[in-house]
Amino acid sequence: MRIAINARLLLANRMEGIATYTLETCQRMIAEHPEDEFFFFFDRKFDPALINRSNVHMIILHPQARHPLLWHYWFEYALSRALIKHQINVLYSPEPYLSLRSQVPGVMVTHDLSFLLHPEHVKPSHLRYFKKYIPQYHDHAKHIITVSHASKADLIRHLAVPEEKITVAHNAVRKGFAPLDKIEKEDVRQKLTGGHPYIMYLGSIHPRKNVAQLIRAFEIFCSGGHPEHRLVLYGRWAFQHSGVQSLIHSSRWRENIVMISDNDIAVENALAAAECLCYVSLYEGFGLPLIEAMQCGVAVISSLTSSMPEVCGDAALLVHPENVMNIAEAMTTMIENKTIRERLISRGYENIRRFSWDKTSHIIYKKLKHYAR
């Protein structure tokens with residue numbers, strides 16, 4: 001079987017959710033099926049060390065596609081031609097894009113429908129493209145993988161995708177996330193916050209991630225008797241981040257707010273040294289940092305919305321993401337009540353056993369094999 005991979009987002013210097021999903025699932029399928037050939041199609045220079053196996057072909061298709069017009073050209077012309085040229089049997093797209101011109105069967109992953117449910121957080125040019133083409137991609141796909149039952153329900157409700165056309169294959173935790181011992185935690189804290197304990201947020205700085213409300217809650221938390229704590233924001237500045245920048249600069253607790261990235265320290269270490277993760281997004285298809293924190297033995301505060309209760313199970317304090325006092329109270333409970341914190345950490349270790357990259361890759365491969373022509 002000759003399997004094409006849409007590897008457009010598989011960039012070594014930006015291993016966020018979709019890139020992680022792509023890499024973890026593909027590595028396993030490639031290792032377990034040496035009889036198959038895998039064709040990775042990129043739109044720019046890639047790191048050949050990401051996947052280095054004899055049954056892998058890595059190919060750049062021009063142009064670089066980071067704008068709606070270029071997305072359209074890349075998928076409808078560059079990719080569709082490449083699928084014919086390389087005699088592809090089936091296409092695996094870990095993002096919700098396909099080539100409508102191509103007759104090669106496509107299995108596509110839809111992580112969420114944020115463009116429909118929170119359109120105010122999407123660039124207008126991107127939103128027009130998404131509204132026009134993403135419903136068409138879902139119609140054109142032979143099968144759709146999604147990462148949570150909450151996202152599956154969204155697909156059925158908002159895009160009228162037939163239930164039998166959707167399979168849930170969860171995210172999981174990649175290698176490297178693990179607890180740190182006391183001395184290791186102290187070393188990380190010394191580097192990041194001068195030794196101060198900290199609450200951590202992990203993800204891009206984007207309105208849907210609700211970082212502004214997180215900061216406001218942290219200010220209440222500090223004013224309520226915790227001036228020694230820091231809020232570590234680990235991520236990159238994304239679309240519409242100026243409001244968060246202004247909020248930090250004007251905050252009376254701005255010296256307690258620390259912005260870092262993977263240029264400063266490995267995410268695994270930064271997360272494992274936190275007192276808790278506070279991830280109170282407005283909407284998520286899954287929320288990978290939730291289970292990464294649990295794998296590190298770090299307690300979690302998250303939202304009552306979308307997929308997050310499903311992912312967290314009984315292993316997190318869940319809050320209303322738009323209720324600043326609710327978030328601040330959860331922070332206070334988590335820091336002051338060691339019994340609750342340790343109970344949630346213990347439940348977290350149990351909870352993450354539900355999620356496995358091996359299981360997810362097997363689900364996807366089975367669908368690819370079923371629909372290959």
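**Close-up views of a predicted model**

**View 1. Strands 9 and 10 in the predicted model.** Strand 9 (residues 230-234) forms four bridges with strand 10, and the pairing is parallel. Within this pair, L233 has M259 of strand 10 opposite. Helix 7 (residues 211-223) packs on the sheet and touches strand 8 (198-202), strand 9, strand 10 and strand 11 (276-279). The direction of helix 7 makes about 165° with that of strand 9.

**View 2. The six-stranded open sheet.** The strand order is 10-9-8-11-12-13, and the pairing is parallel. Strand 10 (257-260) and strand 13 (317-319) are the edge strands, each pairing on one side only. On average, neighbouring strands of this sheet are turned by 25° against each other, direction ignored. In general, the strands of a sheet pair through backbone hydrogen bonds.

**View 3. Strand 12 and its pairing with strand 11.** Strand 11 and strand 12 are joined in the parallel sense over four bridges. L277 has V300 of strand 12 as its bridge partner. Five of the five residues of strand 12 are buried, so this strand is largely enclosed by the rest of the structure; buried here means under 20% relative accessible area. A299, I301 and S303 point one way from strand 12, whereas V300 and S302 point the other way. Side chains alternate between the two faces of the sheet in a regular strand.

**View 4. Helix 12 on the sheet.** Helix 12 (residues 324-336) lies across four strands: strand 8, strand 11, strand 12 (299-303) and strand 13. Relative to strand 13, helix 12 runs at about 165°.

**View 5. The largest cavity and its lining.** The structure holds one cavity of 30 Å³ or more, and the volume of the largest cavity is about 40 Å³. Its lining consists of L83, L91, L98, S99, S102, V104, G106 and H140. By class, four of the lining residues are nonpolar, four are polar and none is charged.

**View 6. The surroundings of E35.** E35 sits in the loop between helix 1 (17-32) and strand 2 (37-42). The relative accessible area of E35 is 51%, so this residue is exposed; the cut-off for exposed is over 50%. Apart from neighbours within four places in sequence, E35 is in contact with M1 and Y365. From E35 to V258 the C-alpha to C-alpha distance is 49 Å, and the two residues are 223 residues apart in sequence.

Definitions and conventions: Residues are numbered from 1 along each chain as its sequence is written. This is a predicted model: local features need pLDDT of at least 70, side-chain atom pairs count only at pLDDT 80 or more; totals for chains, interfaces and linings use all residues. Side-chain values use heavy atoms; hydrogens and water are left out. On a 1 Å grid over the protein atoms alone, a cavity is a set of points where a 1.4 Å probe fits but cannot get out, and a pocket is an open set with protein on both sides within 12 Å along at least five of seven lines; lining residues have an atom within 4 Å of a point. Grid points are joined across faces, edges and corners, and a volume is the space filled by probe spheres set on the points. Ala, Val, Leu, Ile, Met, Phe, Trp, Tyr, Cys and Pro count as nonpolar, Asp, Glu, Lys and Arg as charged, and the others, Gly among them, as polar. Helices (H or I, at least four residues) and strands (E, at least two) are DSSP runs, numbered from the N terminus. Buried means under 20% relative accessible area, exposed over 50%, partly exposed in between (1.4 Å probe, protein chains only). Contact means heavy atoms within 4.5 Å. Two strands pair if DSSP finds at least two bridges between them. Axes are lines fitted to C-alpha atoms, for helices over the stretch in contact, and angles run from 0 to 180 degrees between N-to-C directions.
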